[in-house]
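Trainee: I have a model open and want to learn how to read its charged pairs and its helices. Where do I start?

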Amino acid sequence: MKRREFIGLVGGAAVWPLAAQGQQPAVRVIGVLALESLARTRASLAPAQRRLAEMGYVEGQNLAFEYRAADNQEDRLAALVGELVQRRVSVIVAPAGPSIVAAKAATHPFQSLFFTGYDPVSSGFVASLNRPGGNATGISVLHTEVLAKRLELLRELVPRAKSRRVPPQFNKSRIRG
């Protein structure tokens, strides 16, 4: 998947719960709950905002963002998500593991949207990939299912490639499946 497609998918996924709710006030509010700094959070979501604008959702016209950033202080996340819930945002976007946990715990009536490198099932964000259940949905960029295929393709492309010594942290007996 190319970067543009991913950004479009995230933008579309953020708007999907809004469209599904039917007639709402003219301005939709997207809450963003981040573990990192506000500046970094805004920068990382800028491509999604551009894609939303291309789709007709323009900040300041029919869309607003409420950012809450914990500045890498995980213990602040619960209070920050509480602020977003009180603000009655349409959806909460949580881009990292700890913020996903906080959003999922505090947003029963609200939909929370995540994009993560964690396995969403084993992390407890969703019940299963085909039936996530609950109030959280999102995108996982962890592609463990295709890792074997990637290695197979690499082997076909470079058949004479040899591995050297395997570092201890990558020893097969220590990898959990």
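Mentor: We take the salt bridges, then one helix. Keep in mind that this is a predicted model.

Trainee: What is the general idea behind a salt bridge?

Mentor: Side chains of opposite charge can pair when their charged atoms come close. The cut-off here is 4 Å between the side-chain nitrogen and the carboxyl oxygen.

Trainee: How many salt bridges does that rule give?

Mentor: The count is six. Take Glu54 and Arg51 as a starting case: their side chains meet at 3.1 Å, N to O.

Trainee: Where do Glu54 and Arg51 lie?

Mentor: Both sit in helix α2, residues 38-54. They are three residues apart, about one turn of the helix.

Trainee: Is Glu54 buried or exposed?

Mentor: Exposed, because its relative accessibility is 60% and the cut-off for exposed is over 50%. Arg51 is partly exposed, at 30%.

Trainee: Which salt bridge links separate elements?

Mentor: Look at Glu83 and Arg68, whose side chains meet at 2.7 Å, N to O. Glu83 lies in helix α3 (residues 77-87) and Arg68 in strand β2 (residues 63-69), so the pair ties together parts that are 15 residues apart in sequence.

Trainee: Is Arg68 buried or exposed?

Mentor: Arg68 is buried, with a relative accessible area of 17%; buried means under 20%. Its partner Glu83 is partly exposed, at 39%.

Trainee: Which residues are linked with Arg68 and Glu83 in a network?

Mentor: Glu66 and Arg87 join them, and salt bridges link these residues in a network.

Trainee: What about Asp71 and Arg76?

Mentor: Their side chains also form a salt bridge, at 3.6 Å, N to O. Asp71 is partly exposed, with a relative accessible area of 42%. Arg76 is partly exposed too, at 30%.

Trainee: Now the helix. How do I check the span of α2?

Mentor: Compare the expected span with the distance between the end C-alpha atoms. With 17 residues at 1.5 Å a residue, α2 should span 24 Å. Its end C-alpha atoms are 24 Å apart, so the two agree.

Trainee: Where is the kink in α2?

Mentor: At Ala46, shortly before the proline Pro47. The kink is about 45 degrees.

Trainee: Which residues of α2 are buried?

Mentor: They are Thr41, Leu45, Pro47, Ala48, Gln49 and Leu52. Note that Pro47, next to the kink, is on that list.

Trainee: What follows α2?

Mentor: Gly56 follows α2, and its phi is positive, near 100 degrees.

Key: Residues numbered from 1 in each chain as written. Predicted model: local features only at pLDDT ≥ 70, side-chain atom pairs only at ≥ 80, totals over all residues. Heavy atoms only, no water. Helix = DSSP H or I, 4+ residues; strand = E, 2+ residues; numbered from the N terminus. Buried < 20%, exposed > 50% of the residue type's maximum accessible area, 1.4 Å probe, protein only. Expected span 1.5 Å × (residues − 1). Bend = angle between axes of the 7 residues up to and from the residue.
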